[in-house]
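Dear colleague,

I am passing on to you the structure that I have been looking through, and I would be glad if you kept it open while you read the notes underneath.

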Amino acid sequence: MIAPDRPRRSALYLPASNAKALAKARSLPADVVILDLEDAVAPEMKAEARAAAVAAAREGGFGPRELAIRANALDTPWGADDLAAIATSGADAVLVPKVSTPADILACEAALAAAPPGLQLWAMIETCTAVGQLFDLAALAGSTRLSLWVMGTNDLAKEMRAQLTPDRAAFLPILTQAVCAGRAHGLALLDGVCNEFRDLALFRAEAEQGLLLGFEGKTVIHPAQIEPCNAVYSPAPAELDRARAIIAAFAHPDNATKGAIQVDGKMVERLHLEQAQRLVAVARQIAALG
Ligand SMILES: CC(C)(COP(=O)(O)OP(=O)(O)OC[C@H]1O[C@@H](n2cnc3c(N)ncnc32)[C@H](O)[C@@H]1OP(=O)(O)O)[C@@H](O)C(=O)NCCC(=O)NCCSC(=O)C[C@H](O)C(=O)O
Ligand SMILES: [Mg+2]
């Protein structure tokens, strides 16, 4: 069985220019913290935000949380300086926005040439051009630092001139395509944000939709969204019971040579055994977070 990635149920964005939010993020229960230098930071605050993000990464104190810094795109006045600063910051990942073509990924890869090998490259999928090249973009996972995609549904809505409705109807084909392309090349996948941060019922429904579509977590913008996000993206007790029953059934000597058996009246095959093993491993990793 391939070990699952580390848990990334919730990934909290915050403007790196917001010192209060930055201090708070160190103790919030998000699996990932993303210090934003892009859309949440005004142009006149870009340099200050970059310095604050790098200082925070160097200082640490994020515990088990994975730390990413979202740069400005390379074709902006700030992108090159952002990547140069993040490369040596000690952050776990750099998240690049508005990636459209494989050449964009390769340009980021080149800009990070001097970074430690452990620095991951994460990319936002949020342009119409990127949607047309999902499999070509994902294929770079094997030969570059690219390891994760984040869906940018706000920018997609803007470019498409589509509406972000509660059912996200306009985006479902794109989200599904992105999951297929990402999975085909071993990428981790995080769903987009829900802007209505006071409406936790809507948030929960959107998170559940993302889980059903195949994402392993969701990006969030407010502390109130973290707990429901973690709850939705954690294996439920009933799911775990069934997974353990499937593992036990295939471990029984009577089933050693069988490909398909029944567990509690439902057919299961060895592909379901792999799914069950993965689910149990995910639950173990979540428990280890404490
Ligand atoms: C949306 C917000 C501007 C709302 O902030 P605020 O009005 O301060 O909310 P509250 O008063 O309810 O805040 C309560 C306390 O929580 C802290 N807080 C709020 N948000 C965060 C956060 N994200 N991280 C850490 N802490 C946070 C407040 O400071 C309050 O603290 P205290 O006073 O001690 O109680 C704000 O939530 C916000 O800025 N959110 C993040 C915005 C952001 O980063 N946006 C960029 C990423 S989203 C994106 O770009 C999507 C993508 O690219 C796309 O295209 O879709
Ligand atoms: Mg965006």
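Below is what was found, beginning with how the model is to be read.

This is a predicted model, in which local features need pLDDT of at least 70 and side-chain atom pairs count only at pLDDT 80 or more, while totals for chains, interfaces and linings use all residues. Residues are numbered from 1 along each chain as its sequence is written, and chains are lettered from A and ligands numbered from 1 in the order in which they are written.

The domain assignment, whose bounds come from an automatic or database source, splits the protein chain into domain 1 (10-232) and domain 2 (237-288), and the C-alpha centres of domain 1 and domain 2 are 33 Å apart. An unreviewed UniProt entry places the feature "domain: HpcH/HpaI aldolase/citrate lyase" at residues 9-223, although such annotations may be inferred rather than shown by experiment. The span 9-223 is 39% helix and 19% strand, where helices (H or I, at least four residues) and strands (E, at least two) are DSSP runs numbered from the N terminus.

Around ligand 1 there are 23 residues, of which Tyr-13, Ala-21, Gly-152, Asn-154 and Asp-155 come nearest; a residue belongs here if its C-beta atom, placed from the backbone, lies within 6 Å of the ligand. Strand S1 (10-15), helix H1 (19-25) and helix H7 (153-160) each give at least two residues to this shell. By type, the shell has 12 nonpolar residues, five polar and six charged, with Ala, Val, Leu, Ile, Met, Phe, Trp, Tyr, Cys and Pro counted as nonpolar, Asp, Glu, Lys and Arg as charged, and the others, Gly among them, as polar.

In helix H11 (residues 237-251), the buried residues are Ala-243, Ile-246 and Phe-250, a residue being buried if 20 or more other C-beta atoms lie within 10 Å of its own, exposed if 12 or fewer, and partly exposed in between. Seen down the axis of H11, these buried residues fall within an arc of 60° (taken from the directions from the helix axis to the C-beta atoms), so they line one face of the helix. The face turned away from that buried side carries the exposed residues Pro-237, Ala-238, Asp-241, Ala-248 and Ala-251.

Finally, Lys-98, in the loop between strand S4 (93-96) and helix H4 (102-111), has a positive phi near 50° although it is not glycine, and it counts as buried because it has 23 C-beta neighbours inside 10 Å.

With best wishes
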